[in-house]
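Colleague: I am new to this structure and would like a close look at a single part, the place where the two domains meet. Please take me through it step by step, and add whatever helps me find my way around it.

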Amino acid sequence: MEQEEIGLKQDLKTLFEKQTVRSQQLRSEPWQNRKKLLEAFGKHIMQNRQRIAKAVNTDLGKSATESDISEVFPVITEVKDAVRNLSDWVRPQAIDAPLTYLGTTSEVQYEPKGTCLIIGPWNFPFNLTFGPLISCLAAGNTAILKPSELTPHTSAVIRDLAKEFFDEDMVAVVEGDSHVAGQLLKLPFAHIFFTGSTHVGKIVMHAAAEHLSAVTLELGGKSPTVIDSSANLADAAKRIAFGKFLNAGQTCVAPDYILIDKQVEREFIDLLKKQIFKLFGVNQIINTQAPDYGRIVNSRNFNRVDALVQDAIQLGAKVELNGNSDAGARFFHPVILSGVSPESKIMEEEIFGPVLPIIAYSNEKEILPIILARPKPLAFYIFSARERFQRELVTAVSAGGVCINDCVLQFTHPNLPFGGINASGFGKAHGRYGFLAFSNEKPVLKQKRGITMSSFLYPPFTNRVKQTINLMLRWL
Ligand code: NAD
């Protein structure tokens, strides 16, 4: 065992060193090479859609169409965006000189950070491992990927697709569990892009501190959803049914819980139930045969979500919707709970499953204390027709992102930055923001020859210098 451990450590160190040599070479290569590489890699992914769908289906029970929508499409969007815009992203930004810097010229260059580590989660295992890779490569880096061990078939496809396309000193996939991830984290990566739980995010940040590696942490949390009496309830029900029950609720930006005006609670619950069956059922039934409804990743998570439901019921929650779940098949029927106590466990931890707790309010003053008592969420959703109400909530609640009158779209929009805040993570992903995450914005200032403005401030600090500084403090 000890021998194995030493072997793993040495292999990873050798791989890291190879990538470090390559990333140094990449710095002087024209950016057009990256564009060609990304274009070709996009084609490679498109040619292998079926392999990806099969693996994702085996791991998570997602249909081929859902795999295309939620795994392949976002990665291809990243590829297209980078290919289309890379010439803009890499172009140095000229910076104006204020009077005191007269004669200088400055620009911000976007230099690659170097050798990067990308650690992926299991819930969108392909999307959230290869998506950041596109930004990483667009910025001119090399990468080691560590996909989640909980989705082994997708992890194997990620490994094979990378191996078929890249030299390992450019992109390498290291498979394994937390132990392997721990060994990787001992290496001095230039940037670590982690997607996963808040708990492991802290471990990653701790390890990164040892080498002062930069980090992007894409974490989770409880995303609140407020629905007031002015909202279009039919729209809200349809959109929430999709955002919450897609991937059996195992989506970081899924609406976690609902705060709704008591006056419209009943109507909304009835509409929501109808929509859930319409979207995911067959003949009004959702069971193991329903082709468009996903599975829970493993029995540990199945039992965890089940325990949250049982605890809420014990504390007085009413079951509005449930059905025959099947632990053996990791099939968890959609559940809606009303009258949920804010003290129950389901209101403490991220649910990450197909269970939607609803809390009704009689007075809008009850909304903020419930949201603000919890860590800053990854997503915040508001369904309302009242602009002022929307504005007040957006101002009052700090969140990774906000979506009004829909959900999840703030994540999929390619031109918006995506990320959390504090407990839900930090650093931004997607498109140009992803490119920036993997780049060092390096200022480069060029001075002219001879006398310069700053030389007027050199010592000895004569009266003339003092007068100059007084003038500058006053007028510049
Ligand atoms: P996780 O934190 O358990 O695992 C994520 C990755 O970290 C896996 O590759 C795993 O092997 C690795 N890991 C586990 N223990 C580790 C350790 N001690 N040291 C280093 N690495 C370790 O998360 P998960 O269960 O795969 O994913 C679910 C969580 O991810 C949820 O909280 C969800 O909200 C969050 N998430 C966030 C986003 C986002 O973009 N913000 C997207 C998807 C999922």
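Modeller: Between domain 1 and domain 2 the count of salt bridges is zero, while six residue pairs, both members at pLDDT 80 or more, are in polar contact across the two domains. Please keep in mind throughout that this is a predicted model.

To set out the parts, domain 1 covers 2–219 together with 427–440, and domain 2 covers 224–413. The contact draws 17 residues from domain 1 and 19 residues from domain 2, and the C-alpha centres of the two domains lie 31 Å apart.

The size of an interface is often expressed as the accessible area that is lost when the parts come together. Here the area buried between domain 1 and domain 2 is about 1400 Å², and carbon and sulfur atoms give 55% of that area. On the side of domain 1, Glu66, Trp122 and His430 supply 31% of the area which that domain buries against domain 2, more than any other three residues.

Staying with the side of domain 1 that touches domain 2, the elements that give two or more residues to it are α3 (49–60) and α5 (127–138), and the largest share, three residues, comes from α3. Sorted by character, the residues on this side of domain 1 divide into six nonpolar, seven polar and four charged.

For orientation beyond the contact, there is an open sheet of six strands with mixed pairing, whose order is β5-β4-β3-β6-β7-β15. In this sheet β5 (171–173) and β15 (425–426) stand at the edges, each with a single partner strand, so one side of each is left without a neighbour in the sheet. Elsewhere in that order, strand β6 (residues 191–195) and strand β7 (residues 214–218) run parallel and are joined by five bridges, and His191 has Ala214 in β7 as its bridge partner.

Two details of the backbone also deserve a careful look. Most residues other than glycine have a negative phi, and most peptide bonds are trans. Leu212, in the loop between α8 (198–211) and β7, has a positive phi of about 50° although it is not a glycine. Pro459 and Pro460 are joined by a cis peptide bond, with omega about 0°, and Pro460 has its place in the loop between β16 (439–446) and α16 (463–475).

Notes
Residues are numbered from 1 along each chain as its sequence is written. This is a predicted model: local features need pLDDT of at least 70, side-chain atom pairs count only at pLDDT 80 or more; totals for chains, interfaces and linings use all residues. Side-chain values use heavy atoms; hydrogens and water are left out. Domain bounds come from an automatic or database domain assignment. Contact means heavy atoms within 4.5 Å. Buried area is the accessible area (1.4 Å probe) that two parts lose on being put together, summed over both. A salt bridge is a side-chain nitrogen of Lys or Arg within 4 Å of a carboxyl oxygen of Asp or Glu. A polar contact is a pair of N or O atoms within 3.5 Å; within protein, one must be able to donate a hydrogen and the other to accept it, and residues adjacent in sequence count only if both atoms are side-chain atoms. Helices (H or I, at least four residues) and strands (E, at least two) are DSSP runs, numbered from the N terminus. Ala, Val, Leu, Ile, Met, Phe, Trp, Tyr, Cys and Pro count as nonpolar, Asp, Glu, Lys and Arg as charged, and the others, Gly among them, as polar. Two strands pair if DSSP finds at least two bridges between them.
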